[in-house]
Amino acid sequence: MPMNAKILIVDDVADNIQVAMNLLREDNYAFSFANDGHKALSMLDNEETDYDLILLDIMMPGIDGFEVCRQIKSRPAIRDIPIVFLTARSDVDSISKGFELGGVDYVTKPFHSAELLARVRTHVQLYQAKKWLKQQNINLETHNKFNEQRLLSELEASQKDLIWLLTELMESTSDETGKHIRRVAELSSLLAKLHPTLNDDDADTLYHASPMHDIGKMTVPHEILHKAGRYTPEEFDIMKKHTTNAYQLLAGSKRKLTKAAAIIAHEHHEKWDGSGYPRGLKAADIHIYGRIVAIADVLDALTHKRCYKDAWELEEAIDFIKIHRGSHFDPQLVDLLTENLDAFVTILEQS
């Protein structure tokens with residue numbers, strides 16, 4: 001649990017503020033509150049408090065929560081603070097607008113205690129992790145060249161620990177399982193070892209960075225992420241944002257593993273023929289790390305049971321990948337997979 005986390009609650013109804021504080025009090029957060037948007041902006045601009053999260057009501061007199069969010073995101077000093085909307089409105093248009101303005105999540109009223117706790121913990125931990133990475137960059141740059149190699153090694157080890165910590169956090173909030181994440185790491189590393197233009201360093205980077213491929217799913221609303229049926233077009237647009245949300249979280253780091261994780265999270269849903277998302281990249285324009293994790297992720301997902309489907313037979317899954325050679329997947333990677341299938345099966349059979 002992050003220490004000394006500070007939360008600003010903005011709501012024009014005092015009872016709502018009190019309920020939120022009571023539900024979150026068990027995690028020992030420090031709270032401030034404002035009953036209108038102007039007061040919240042004044043507090044953010046004038047106080048020395050470094051907030052870790054803003055819980056922001058949408059429907060308020062004066063300026064509503066959307067406008068407060070817009071103004072926060074326009075101020076460089078405070079724009080990175082994550083904003084979770086508190087709202088009685090759960091229509092797709094309102095949700096989409098909140099994400100477009102820079103919100104990271106929303107919680108509907110009346111509050112469900114477990115949901116509110118989980119969402120707040122997730123975004124506080126993500127924000128503090130992001131600040132930690134930024135501080136590590138600053139600390140590293142202040143040391144002289146004599147100590148740089150040692151510091152880099154220590155920082156890389158810390159990055160690995162942080163990545164697996166965030167991966168465990170993702171397991172508790174998304175549809176990913178720890179076993180799936182670790183198999184994807186091994187499958188990706190093996191593909192890198194077999195690739196003629198990659199080396200052992202690439203294989204190690206993929207092993208440690210690929211577990212973050214779906215970290216952005218923590219920013220997807222629970223009812224969309226865990227929906228049993230087919231997504232509506234609007235819901236799918238929100239789901240697809242997990243790629244760019246993750247990239248925005250990770251891309252600011254100058255460290256090797258975190259930079260690789262940002263690329264993988266951003267590009268593992270791109271397709272060889274340009275029909276993927278979020279940017280519609282095509283062929284070699286997709287980073288090789290993204291292409292590798294794309295095939296590893298799909299292969300493992302197909303061959304293992306999920307809440308919405310049964311596991312496919314291995315032969316059926318391999319046929320699917322072969323059929324999509326040159327459309328979804330990098331043809332060279334498909335060939336490496338099929339030519340070395342036994343080695344991949346060994347990984348897939350891990351329980």
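**Internal cavities**

The structure contains five cavities of 30 Å³ or more. It is a predicted model. The largest cavity encloses about 70 Å³ of space, and the second largest cavity has a volume of about 40 Å³.

**Lining of the largest cavity**

Three elements each give two or more residues to the lining of the largest cavity: strand 4 (83–87), helix 4 (92–100) and strand 5 (105–108). Helix 4 gives the most, with four residues. The lining residues include Ser 94, Ile 95, Gly 98 and Phe 99. Also among them are Phe 85, Thr 87, Asp 105 and Tyr 106, and the list is completed by Ile 58, Phe 66, Arg 89 and Gly 103.

By residue class, this lining comprises six nonpolar, four polar and two charged residues.

**Lining of the second largest cavity**

The second largest cavity is bordered by Glu 270, Lys 271, Trp 272, Ile 286, Gly 290, Arg 291, Ala 294, His 328, Phe 329 and Asp 330. Four of the residues in this lining are nonpolar, two are polar and four are charged.

**The position of Thr 232**

Thr 232 lies in the loop that joins helix 9 (222–225) and helix 10 (233–250). Is this residue buried, partly exposed or exposed? Thr 232 has a relative accessible area of 29%. Because this value falls between the 20% limit for buried residues and the 50% limit for exposed ones, Thr 232 is classed as partly exposed.

In sequence, Thr 232 and Val 92 are 140 residues apart. In space, the C-alpha atoms of Thr 232 and Val 92 are 10.0 Å apart.

Conventions
Residues are numbered from 1 along each chain as its sequence is written. This is a predicted model: local features need pLDDT of at least 70, side-chain atom pairs count only at pLDDT 80 or more; totals for chains, interfaces and linings use all residues. Side-chain values use heavy atoms; hydrogens and water are left out. Buried means under 20% relative accessible area, exposed over 50%, partly exposed in between (1.4 Å probe, protein chains only). On a 1 Å grid over the protein atoms alone, a cavity is a set of points where a 1.4 Å probe fits but cannot get out, and a pocket is an open set with protein on both sides within 12 Å along at least five of seven lines; lining residues have an atom within 4 Å of a point. Grid points are joined across faces, edges and corners, and a volume is the space filled by probe spheres set on the points. Ala, Val, Leu, Ile, Met, Phe, Trp, Tyr, Cys and Pro count as nonpolar, Asp, Glu, Lys and Arg as charged, and the others, Gly among them, as polar.
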